[in-house]
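Trainee: I'd like a close look at a single residue and its setting. Please start there and then work outwards through the rest of the chain.

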Amino acid sequence: MKTFNTLGGLGLASYAAVLSIFLPSTQAQDVSSTPSNTTASSVFIPPARDFAFALNVPSDSTTDLYFLLMMPTDVSWCAVGLGSDHMAGSLMLVAYPSKSGNNVTLSPRIASGHSEPVYKPEIEVEALPGTGFDNDTYTYMGRCGNCRSWSNGAGKVDIASKSQSMLYATGEPGNYLKSDALDAPLKMHYTYGNFKIDMVHATGPAGVPTIDRSENSTLVATVQGLSKEGKKDTAAMAHAIIMVFVFVGLYPFGIFVLRLGSWVRWHGINQGLAFVLTIIGSSLGFSISKLYNRSKKVNTAHQVIGILIFIFIFAQFALGFLHHRNFKKTQQKTKMAPIHVWMGRVIIVMGVVNGFLGFPLAQAPQYNYIMAGLVLFLFPAMILVVITKKFIQKRWKKSKEAAAQPNGYNMEPWRQSETQGGYESSATVSAGAPGQNASPPSMSSFNPYQAHGQVLGPQQNTREYV
């Protein structure tokens with residue numbers, strides 16, 4: 001991850017590389033070390049040094065708070081939560097690049113738990129001069145008119161506290177998020193933690209706080225608490241991997257083995273495994289939907305199609321089971337077979353389409369290229385193998401039919417009946433009296449599974465095709 005690497009040569013107006021040399025100290029700086037000619041403030045920089053935050057409490061106001069947020073270009077978003085060291089009920093100031101990439105969007109949100117915080121338009125945040133983008137750094141200088149208390153007093157910051165709890169988070173590296181929307185969708189945080197801030201130290205004349213740009217800069221009147229890095233939404237990753245594996249791999253392979261070699265048993269085992277994995281993957285999807293604002297209402301195309309597929313696979317499993325059970329009894333194709341075949345094809349197509357819809361919903365459209373590559377390789381490959389197999393079978397059948405002709409060369413004369421070979425007619429004539437008509441052969445001689453009293457084997461069952 002890119003961090004700020006240099007401070008030298010930069011003016012105070014830019015704040016562009018202000019975090020480059022902050023030492024990862026977790027101790028609060030003594031009040032007396034704050035320069036007397038700067039606005040009163042408390043400053044926090046996390047160990048990863050992927051953003052900086054400074055807060056000023058105006059002594060002449062009972063409602064305002066002034067703050068400064070900065071982050072480098074390769075951090076997708078950053079947020080500071082006021083009033084608590086856990087998400088539920090905290091007021092989150094979430095910053096991310098504007099749609100043009102040349103400014104900063106600041107979204108005030110309130111979290112209800114371990115889920116994406118919700119934008120609250122009643123929180124009054126104003127961007128002040130100096131907000132923008134410069135030297136690979138996004139800077140937001142702001143004033144909040146009602147950030148000391150929110151949600152009818154359920155959340156608040158205590159300006160008289162020398163150890164007010166706060167929390168923070170940053171998005172995963174990358175610039176996937178550029179939006180002017182105040183309710184833009186977020187991915188799960190990559191780093192997160194909490195800290196304590198001295199509100200008394202931050203109290204003084206009103207103004208946007210500054211951050212010391214010298215090489216020995218440290219935290220100012222803040223103490224680092226919990227710090228975690230490398231957080232991933234493993235449930236979402238597992239959901240994607242399982243569902244792609246099932247609908248691009250297992251379900252098509254189950255059809256493939258049935259068409260290739262009529263392996264009904266392996267078809268059933270394969271589709272049964274895919275059925276179980278689909279239930280697991282769908283369950284993960286249902287749980288993920290509760291974490292993000294874009295999916296909480298369960299009204300996106302990906303979710304609606306996913307629910308339909310979830311219902312269809314139960315019907316498909318029941319049809320396949322009933323068809324196979326009835327076939328074993330009657331050795332006849334059932335009316336359920338064509339329904340089972342076509343429903344299976346529809347489910348696979350729906351699953352593949354839904355995969356292409358799912359990645360954009362997860363703010364990861366780049367994975368559609370990987371899925372497209374798998375589909376374009378695996379599906380034609382399986383179809384080509386089946387077509388080749390049928391072509392070879394057809395040629396082999398024609399070869400055998402040609403070899404069985406009386407005037408042709410018979411490659412398997414031992415399989416030819418005696419009548420075809422000319423032996424039975426001669427034997428019958430020699431056995432009868434001269435001029436006596438031979439009796440017609442019995443119907444048993446036409447049984448393809450018997451010849452001259454010898455049983456060639458049991459009658460073969462009809463092959464089960466579904």
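Is arginine 109 buried or exposed, and what is its relative accessible area?

Mentor: Keep in mind that this is a predicted model. Arginine 109 is buried: its relative accessible area is 0%. The cut-off for buried is under 20%, so a value of 0% puts arginine 109 in that class.

Now place the residue. Arginine 109 sits in strand S6, which runs over residues 104-110. Its side chain has two partners to look at. One is serine 107, whose side chain makes a polar contact of 2.8 Å with that of arginine 109. Another is glutamate 116, where the side chains are joined by a polar contact of 3.4 Å. The limit for a polar contact is 3.5 Å, so the 3.4 Å pair with glutamate 116 falls inside it.

Follow the serine 107 contact. Serine 107 also lies in strand S6. Its relative accessibility is 0%, and it counts as buried. The backbone of serine 107 brings in a remote stretch of chain: its C-alpha is separated by 5.0 Å from that of leucine 182, 75 residues away along the chain.

Compare that with another pair that is separated in sequence. Tyrosine 66 belongs to strand S3. It counts as buried at 15% relative accessibility. Valine 125 is 59 residues from tyrosine 66 in sequence, and their C-alpha atoms are 9.6 Å apart in space.

Step from strand S3 (65-72) into the loop that leads to strand S4 (78-82), and you find serine 76. A loop position need not be open to solvent here: serine 76 has 0% relative accessibility and counts as buried. Its side chain reaches the backbone oxygen of glutamate 172 at 2.8 Å.

Next, the cysteines. Cysteine 78 counts as buried, at 1% relative accessibility. The disulfide lies elsewhere, between cysteine 144 and cysteine 147, with an S to S distance of 1.7 Å. The sulfur atoms must be within 2.5 Å, so the pair at 1.7 Å qualifies. The count by this rule is one disulfide. The torsion about its S-S bond is about 80°, which makes the disulfide right-handed. Each end is shielded: cysteine 144 is buried with a relative accessible area of 0%, and cysteine 147 is buried with 1%.

Now two loop residues with an unusual sign of phi for a non-glycine. Arginine 49 has a positive phi of about 55° although it is not a glycine. It lies in the loop between strand S1 (42-44) and strand S2 (52-58). At 25% relative accessibility, arginine 49 is partly exposed. Serine 151 is not a glycine either, and its phi is positive at about 55°. Its loop joins strand S11 (149-150) to strand S12 (155-156). Serine 151 is partly exposed at 40% relative accessibility. Partly exposed ends at 50%, so serine 151 at 40% does not reach the exposed class.

Leave the strands for the helices. Helix H4 covers residues 336-361, 26 residues in all. From first C-alpha to last, H4 reaches 36 Å, close to the 38 Å expected at 1.5 Å a residue. Just after H4 comes glutamine 363, with a positive phi of about 60°.

Helix H4 also has a place in the pocket. The largest pocket has a volume of about 1300 Å³. It is lined by 46 residues, and the closest to its centre are Ala236, Met237, His239, Ala240 and Ala362. The elements that give two or more residues to the lining are helix H1 (234-261), helix H2 (264-288), helix H3 (301-330), H4 and helix H5 (367-403). H1 gives the largest share, nine residues. One general point helps when reading helical linings: an α-helix has 3.6 residues a turn, so residues three or four places apart point the same way. By class, the lining holds 26 nonpolar, 14 polar and six charged residues.

Back to your starting point. Arginine 109 is buried at 0%, and its side chain has polar contacts with those of serine 107 and glutamate 116.

Definitions and conventions:
Residues are numbered from 1 along each chain as its sequence is written. This is a predicted model: local features need pLDDT of at least 70, side-chain atom pairs count only at pLDDT 80 or more; totals for chains, interfaces and linings use all residues. Side-chain values use heavy atoms; hydrogens and water are left out. Buried means under 20% relative accessible area, exposed over 50%, partly exposed in between (1.4 Å probe, protein chains only). Helices (H or I, at least four residues) and strands (E, at least two) are DSSP runs, numbered from the N terminus. The expected span of a helix is 1.5 Å times one less than its number of residues. A polar contact is a pair of N or O atoms within 3.5 Å; within protein, one must be able to donate a hydrogen and the other to accept it, and residues adjacent in sequence count only if both atoms are side-chain atoms. On a 1 Å grid over the protein atoms alone, a cavity is a set of points where a 1.4 Å probe fits but cannot get out, and a pocket is an open set with protein on both sides within 12 Å along at least five of seven lines; lining residues have an atom within 4 Å of a point. Grid points are joined across faces, edges and corners, and a volume is the space filled by probe spheres set on the points. Ala, Val, Leu, Ile, Met, Phe, Trp, Tyr, Cys and Pro count as nonpolar, Asp, Glu, Lys and Arg as charged, and the others, Gly among them, as polar.
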